[in-house]
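Hi,

Here is the model I said I would pass on. Have a look at it first, and my notes follow underneath.

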Amino acid sequence: MRRVVVTLMGPTASGKTDAALCIADAAAVQLVSVDSAMVYRRMDIGTAKPDTATLGRYPHALVDIVEPQEAYSAARFVRDADAAVEAALGAGRTPLLVGGTMLYFRAFRDGLGDLPAADPKLRAELAEQAAADGWPALHASLARDDPKAAAGIDPHNGQRIQRALEVLRLSGRSITAWWQEGATPAAQRHRCQLVQIAILPPQREALHRRIEARLDGMLRAGFLGEVRRLRAEPGLHPALPSMRSVGYAQAWRHLDGEYEYAAMVERIAAATRQVAKRQLTWLRRWPGLLAAETGADAVAHARRALQLDAS
């Protein structure tokens, strides 16, 4: 039996989910979410998570699998994704990994080596340094020593900056080198053909309009109420990775009274545009990519890869 695994990537608000659902209507696929925020339960509106009816009709693996009080790592994602892929292949379905967390896609594609274990003392020291100087300052330090890793990490993403610096200081080697050494690529792990598709909108302005329209829809759907409910949960605080997600971080600070509603909206929009810019930067350097300008083009690529069309 021909074993194929498809990845569908693209910047935020580019239409990945709609394209994935169209592919699922045409082929026996198992959808696997590649999104570092959709893994969290009760974070629905701000993550643009498919609604309950959609998830019921089109089940997605790796959605709603951890509590927002927990951390979730690239290493754990690879383990979870590998299990979902093997389950799908074993059931005679094609795994379709869809999302926008490029670090997770790279980790899945290339595999991960055995990184040094966490060091609580060093992590505490890095956290103290970040509290004094800010995570962007530590990101700048990382960029000097491991520019490849830094290029794929948001300067405000403390969890990933901390881990990259921790590995560097514990071992004297970059986390990029650790990822590459001893790692087994997905094509070998799953004995499959890996088909990589990405939606790359040609006009940045059109993507920005889609981002603004989606944000407006989220706010109308009750995003601030969602964040208020999360704030009331025991053990949940703004330093957690879940609450540092774009949208949630800005909404939390607005509800703390740090800035007005209009400023919150603009900050979320600006942060989302920056996420899209970084995603596009990743994808422009991505090897072996089938590029699509629209979701319809991505569906066409997938249909050909899955041999659903005669042409």
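Just after helix α8, G172 takes a positive phi of about 75°. Bear in mind that this is a predicted model.

The helix before that glycine, α8, covers residues 158-171, 14 residues in total. From first C-alpha to last α8 reaches 20 Å, close to the 20 Å expected at 1.5 Å a residue. Which residues of α8 are buried? They are G158, I161, Q162, A164, L165, E166, V167 and L168. As a reminder, an α-helix has 3.6 residues a turn, so residues three or four places apart point the same way.

On to the sheet. It is open, has six strands and pairs in parallel, in the order β3-β2-β4-β1-β5-β6. Its edge strands are β3 (60-61) and β6 (289-292), each pairing on one side only. If you want a place to zoom in, try β2 (residues 29-34) against β4 (residues 94-99): the two run parallel and are joined by six bridges. L31 has L96 as its bridge partner in β4.

Then the salt bridges, of which the structure holds 19. Three that I looked at:

- R42 and E67: their side chains meet at 2.5 Å, N to O. This pair links distant parts of the chain, with R42 in the loop between β2 and α2 (52-57) and E67 in the loop between β3 and α3 (74-90), 25 residues apart. Both partners are partly exposed, R42 with a relative accessible area of 33% and E67 with 24%.
- R189 and D82: here the N to O distance is 3.0 Å. R189 lies in helix α10 (residues 186-189) and D82 in helix α3, so this salt bridge ties together parts that are 107 residues apart in sequence. D82 is buried, at a relative accessible area of 17%.
- R273 and E212: the closest N and O atoms are 3.9 Å apart. R273 sits in helix α14 (residues 261-284) and E212 in helix α11 (residues 204-220), so the pair ties together parts 61 residues apart in sequence. R273 is partly exposed, with a relative accessible area of 21%, and E212 is partly exposed too, at 43%.

One last thing on R42 and E67: they belong to a network of salt bridges that links R41, R42, E67 and E233.

Cheers

How values were computed:
Residues numbered from 1 in each chain as written. Predicted model: local features only at pLDDT ≥ 70, side-chain atom pairs only at ≥ 80, totals over all residues. Heavy atoms only, no water. Pairing = 2+ DSSP bridges. Helix = DSSP H or I, 4+ residues; strand = E, 2+ residues; numbered from the N terminus. Expected span 1.5 Å × (residues − 1). Buried < 20%, exposed > 50% of the residue type's maximum accessible area, 1.4 Å probe, protein only. Salt bridge = Lys/Arg side-chain N within 4 Å of Asp/Glu carboxyl O.
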